[in-house]
Amino acid sequence: MAYQTIYPYTGEVLHEFPNASDEKLEETLTVAHRLYQQWRQEKPATRKPVLHRLATLLREKRTEMARIMTQDMGKLLTEAAGEVDLCADIADYYADHGEELLQPVNLPSDSGKAYYLKQSTGVIVAVEPWNFPFYQIMRVFAPNFMVGNPMILKDASSCPASAQAFADLVLEAGAPVGSLTNLFISYDQVSAAINDPRVAGVCLTGSERGGAAVAQEAGKALKKTTLELGGNDAFIVLGDADWDLLKKVAPQARLYNAGQVCTSSKRFIVMDNLYDDFVAMMKEAFSHAKLGDPMDPETIVAPLSSKSALEKLTAQVQTAVDHGATVVYGNEPVEGPGFFFKPTILTDITEDNPIFDQELFGPVAVIYKVHSEAEAIALANKSSYGLGNTVFSSNVAHAKEVAAQIETGMSWINAGWASLPELPFGGIKNSGYGRELSHLGMNAFVNEHLIYEPYQN
Ligand code: NAP
């Protein structure tokens, strides 16, 4: 597997990185395991200043880091800069709250005194994707650093410069060698690491295919996993939705990061009284969404991350059309060397269309008309995914009741998807299991070690 930066705006190969040897992997495991043993003797508070320094460095080098991400996978520079800000906030959050979140927990019992400690478990292998090159790493690195679990990173082969820049910044912030080691390793080497007794767990964000392969390997080796996989999120528009707010939120919920977000709103489920206006509004918005240079602040839609991503999405939309979907807007090739996909709107996707239950990872909105709230809920739940969901209604209390009926990990009311350090992130069904961020993310690879002293009588 070649670790290469191919700039999606030009198709140029900007960087190539040689694969790591088995010896390098062994050395990394040794150093990381030694660090785990050292950290077991230290309090989490000793690591707090490093995370704060990391946050400061990220803010100081905001544009430099954002450019690296843009060159790796094509996202808009403005969005990449926002990602750097979010990473700094996550680092600060775990620095500020880590100690408190790792306090022992008392367990009321009539039979004795009981509590559990939250202890580190060992080296964690992190397998991460390209769509948020820094944020995906920070989500798992910051909490595990506070817990005392060193991390070995296997990042997407298409964004090696970002992974290396992140790992370098961690060292620059003063973290000991072994805290986070980026390795350009093969799938076989990932398997070897998972099977190594010094490794305690694996977290993966990516596709169902990748998640299943890594989780299978981890299952055989009896290693704990968390999986953050794909989504086909519903965006439910109830009949009393606030139109002005909807106009601001809905197009962006699909087009941000060129539509390559696990929690992008992908299925717009709209009540019949608003349906025609909604389709017209989305068409208008998509037709004004300027494609172009991701470094240009005027650009709205960036290229897709790679040639293969473009080919996959093109084929999926063709399949949708071959099975009866109507193209309301877009689905035309874009001239030029970049991997652009023109924003597209599809309607008339029936349940027997193969695309009905597939994730479209790019700027393609699928819009459905429904005639009742019950129909909207049933359609939202007719998915093998369960990651995120939006409900739009002027009656917020009612929107929350509708949200509670959706089989999903996260729901947003009158807003597109969002991620903040203090809010848990994750899904159910084929979208994976486990949570990242917040106090829940902190506990993912913690040993809840029970201490029990029964009353003697
Ligand atoms: P992917 O192909 O599964 O790749 C993700 C990572 O897994 C990459 O580092 C990849 O390495 C690695 N990988 C894949 N198969 C592997 C194997 N058998 N052994 C070891 N490593 C393996 O996913 P993708 O298509 O690039 O990423 C997009 C997907 O991620 C979308 O479905 C999106 O919805 C999902 N996602 C989910 C979340 C979430 O939080 N739920 C967030 C972002 C993205 P290589 O690059 O070397 O193949």
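A pocket, on a 1 Å grid over the protein atoms alone, is an open set of points where a 1.4 Å probe fits, with protein on both sides within 12 Å along at least five of seven lines. A molecule sits in one if more than half of its atoms lie within 2 Å of its grid points. Here, the ligand sits in the largest pocket.

This is a predicted model, in which local features need pLDDT of at least 70, side-chain atom pairs count only at pLDDT 80 or more, and totals for chains, interfaces and linings use all residues. Residues are numbered from 1 along each chain as its sequence is written, and side-chain values use heavy atoms, without hydrogens and water.

Let's look at the polar contacts (pairs of N or O atoms within 3.5 Å).

| Residue | Partner of a ligand oxygen | Distance |
|---|---|---|
| Lys154 | side-chain N or O atom | 2.9 Å |
| Ala156 | polar backbone atom | 3.2 Å |
| Gly206 | polar backbone atom | 3.3 Å |

The protein buries 90% of the 910 Å² that the ligand exposes when taken alone (Shrake-Rupley method, 1.4 Å probe).

Domain 1 (3-229 + 431-454) and domain 2 (233-421) both contribute to the surrounding shell, so the ligand lies between them; the bounds come from an automatic or database assignment. Helix 8 gives the most, with 4 residues (helices are DSSP runs of H or I, at least four residues).

Definitions and conventions: Polar contact = N/O pair within 3.5 Å; in protein donor to acceptor, adjacent residues only side chain to side chain. 1 Å grid on protein atoms, 1.4 Å probe; cavity = no way out; pocket = protein on both sides within 12 Å on 5 of 7 lines; lining within 4 Å. Helix = DSSP H or I, 4+ residues; strand = E, 2+ residues; numbered from the N terminus.
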